[in-house]
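Here's a quick briefing to read with the model open. Have a look at the fold first, then come back for the details.

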Amino acid sequence: MKENVLKIKSYSFAIRIVKLSQYLQQTKKEFVLSKQILRSGTAVGVLIREAEYGQSKADFAHKLSIALKEANETEYWICILNDTGYIDKNEFESILPDCKELLKMLIASIKTVKQWAMNNEQ
């Protein structure tokens with residue numbers, strides 16, 4: 001059975017987000033932004049897992065679209081944390097590419113599913 005790279009990468013990303021949130025709360029005593037990034041950053045993987053058992057291709061694409069929105073929001077929070085000094089340049093440059101990679105993978109997956117659906121409607 002083929003490995004689901006999107007599922008694996010989103011899970012690894014969620015682990016990094018949990019650790020980032022813990023760091024922000026324990027070290028920086030920051031509780032609002034840390035909860036925001038924890039919610040959106042872990043939601044990406046959850047929605048990808050939900051999509052696996054979508055009731056239809058449309059449901060699958062819809063759940064991936066919501067995951068895309070959550071990944072985009074997470075990118076926003078990462079930038080806010082960087083620009084406000086809660087994370088340093090190294091931390092920012094370490095986690096941002098992972099988020100951008102998930103965004104690209106989600107966009108490609110959604111396009112593929114929609115293209116498949118269009119081709120099979122005819």
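What follows covers confidence, one helix pair, one long stretch of helix and two single residues.

This is a predicted model, in which local features need pLDDT of at least 70, side-chain atom pairs count only at pLDDT 80 or more, and totals for chains, interfaces and linings use all residues. Residues are numbered from 1 along each chain as its sequence is written, and side-chain values use heavy atoms, with hydrogens and water left out.

**Confidence**
- The chain averages a pLDDT of 94 (the predictor's per-residue confidence, from 0 to 100), and 98% of the residues score at least 70.
- Confidence bottoms out in α4, with a mean of 93, and is highest in α1, at 98; helices here are DSSP runs of H or I with at least four residues, numbered from the N terminus.

**Helices α1 and α4**
- The two axes (lines fitted to C-alpha atoms over the stretch in contact) come within 11 Å.
- They cross at roughly 145°, on a scale from 0 to 180 degrees between N-to-C directions.
- Contact means heavy atoms within 4.5 Å; on the α1 side the residues involved include Phe-13, Ile-17 and Leu-20, and on the α4 side they include Ile-95, Leu-102 and Met-105.

**Helix α3**
- With 27 residues (57-83), α3 reaches 39 Å from its first C-alpha to its last, close to the expected 39 Å, which is 1.5 Å times one less than the number of residues.
- Its buried residues (under 20% relative accessible area, 1.4 Å probe, protein chains only) include Leu-64, Trp-77, Ile-78 and Leu-81.
- Among what covers them are α1 (5-26), α2 and α4 (89-121).
- Just after α3, Gly-85 takes a positive phi of about 85°.

**Gln-36**
- Gln-36 sits in helix α2 (residues 32-52).
- With a relative accessible area of 28%, Gln-36 is partly exposed (between the buried cut-off of 20% and the exposed one of 50%).
- Beyond its neighbours within four places in sequence, Gln-36 touches Glu-73 and Trp-77.
- Leu-81 is 45 residues away along the chain, with 11 Å between its C-alpha and that of Gln-36.

**Glu-52**
- Glu-52 also belongs to α2 and is partly exposed, at 33% relative accessible area.
- Setting aside neighbours within four places in sequence, Glu-52 is in contact with Asn-4, Lys-7 and Phe-60.
- The side chains of Glu-52 and Lys-7 make a polar contact of 3.3 Å (N or O atoms within 3.5 Å, one able to donate a hydrogen and the other to accept it; residues adjacent in sequence count only through side-chain atoms).

Conventions. Helix = DSSP H or I, 4+ residues; strand = E, 2+ residues; numbered from the N terminus.
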